[in-house]
Structures are given as C-alpha cells and as structure tokens.
Amino acid sequence: MSSQETISNSTPKNISIPARVLAFCIIAYRRWISPALPARCRFYPSCSAYALEAVSRHGAIRGTGLAIWRLLRCHPFHPGGYDPVPEPRRRRPANTAEPLAE
C-alpha cells in the first residue's frame with residue numbers, strides 16, 4: 001500500500017494542503033521510524049494514529065495542537081487508555097443576533 005493510498009483512505013479529500021503535508025509526515029514516521037522503535041504506547045489509538053486522525057478532522061493547526069497535547073500526556077505517571085479524537089466544534093453562524101435553529 002503506497003502512502004498516497006493511505007492518505008486517501010484515512011483522510012477526507014477536502015483537507016488543506018498543510019494538513020496533507022502533515023499527514024504525509026505522520027505516515028512516513030509510521031512506515032519508516034516507528035517499526036525500528038519498541039512498542040510503548042499507553043493509549044489507544046496510538047499517538048501517530050491519533051495525530052493522523054486529528055489533522056484530517058480538525059485541519060493542520062488545531063490537529064497539530066491536539067496531537068502535541070496528546071504527546072505531552074504520554075508519560076509514566078498517566079494511566080493511558082482509550083482516548084479518541086474529539087469531534088470537530090460546530091461553527092457559529094455569522095449573524096449571532098438570531099438564535100440557533102435546531
């Protein structure tokens with residue numbers, strides 16, 4: 001499976017170019033660097049899978065921030081466990097004077 005297939009299978013088609021570049025870097029890490037390191041992830045999904053999903057769902061800036069926050073929690077004193085990527089925030093309409101229609 002090529003890296004382009006991985007990007008197209010795991011990320012939406014409408015993500016920005018910076019998010020695609022970050023996704024490519026994460027995939028390269030997963031393919032060439034991660035196999036050389038011992039398995040030591042305390043979370044599910046792994047930090048690289050979390051980062052890839054965060055960048056594809058939230059974009060380059062917020063996705064990178066979520067991935068960095070996740071990496072900062074990866075230490076021996078944190079219990080780990082299941083930690084999914086949060087859902088994207090709903091955007092407010094431009095005219096905030098009117099109530100939200102639900």
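Let's start with a cut-off: a residue is buried under 20% relative accessible area, exposed over 50%, and partly exposed in between. Cys25 has a relative accessible area of 46%, so Cys25 lands in the partly exposed class. Keep in mind that this is a predicted model.

While we're on cysteines, what about disulfides? A disulfide is a covalent bond between the sulfur atoms of two cysteines. A search of the whole structure turns up zero of them. Cys74 shows how that plays out: its nearest cysteine sulfur belongs to Cys47 and sits 4.5 Å away, while a disulfide calls for a pair of sulfur atoms within 2.5 Å. Cys74 is therefore in no disulfide. As for accessibility, Cys74 comes out at 31%, so this residue is partly exposed too.

Now over to helix H2, which covers residues 17-33 and includes Ile33. Ile33 has 45% relative accessibility, which means it counts as partly exposed. Ile33 also belongs to a nonpolar surface patch, along with Tyr29, Trp32 and Leu37. Taken together, the four residues of that patch offer about 420 Å² of accessible area.

Tyr29 leads us on to Ser48, since Tyr29 is one of the residues that Ser48 touches. Leaving aside residues up to four places away in sequence, the contacts of Ser48 are Ile26, Tyr29 and Arg30. Ser48 itself sits in helix H3, residues 47-58. Is Ser48 buried or exposed? Its relative accessibility is 14%, and because the buried class is anything under 20%, Ser48 counts as buried.

Notes
Residues are numbered from 1 along each chain as its sequence is written. This is a predicted model: local features need pLDDT of at least 70, side-chain atom pairs count only at pLDDT 80 or more; totals for chains, interfaces and linings use all residues. Side-chain values use heavy atoms; hydrogens and water are left out. Buried means under 20% relative accessible area, exposed over 50%, partly exposed in between (1.4 Å probe, protein chains only). Patches are made of residues with over 30% relative accessible area and no salt bridge: like charges are joined within 9 Å, nonpolar side chains (Val, Leu, Ile, Met, Phe, Trp, Tyr) within 5 Å. Accessible areas come from the Shrake-Rupley method with a 1.4 Å probe; for residues, only the protein chains shown count as cover. A salt bridge is a side-chain nitrogen of Lys or Arg within 4 Å of a carboxyl oxygen of Asp or Glu. Helices (H or I, at least four residues) and strands (E, at least two) are DSSP runs, numbered from the N terminus. Contact means heavy atoms within 4.5 Å.
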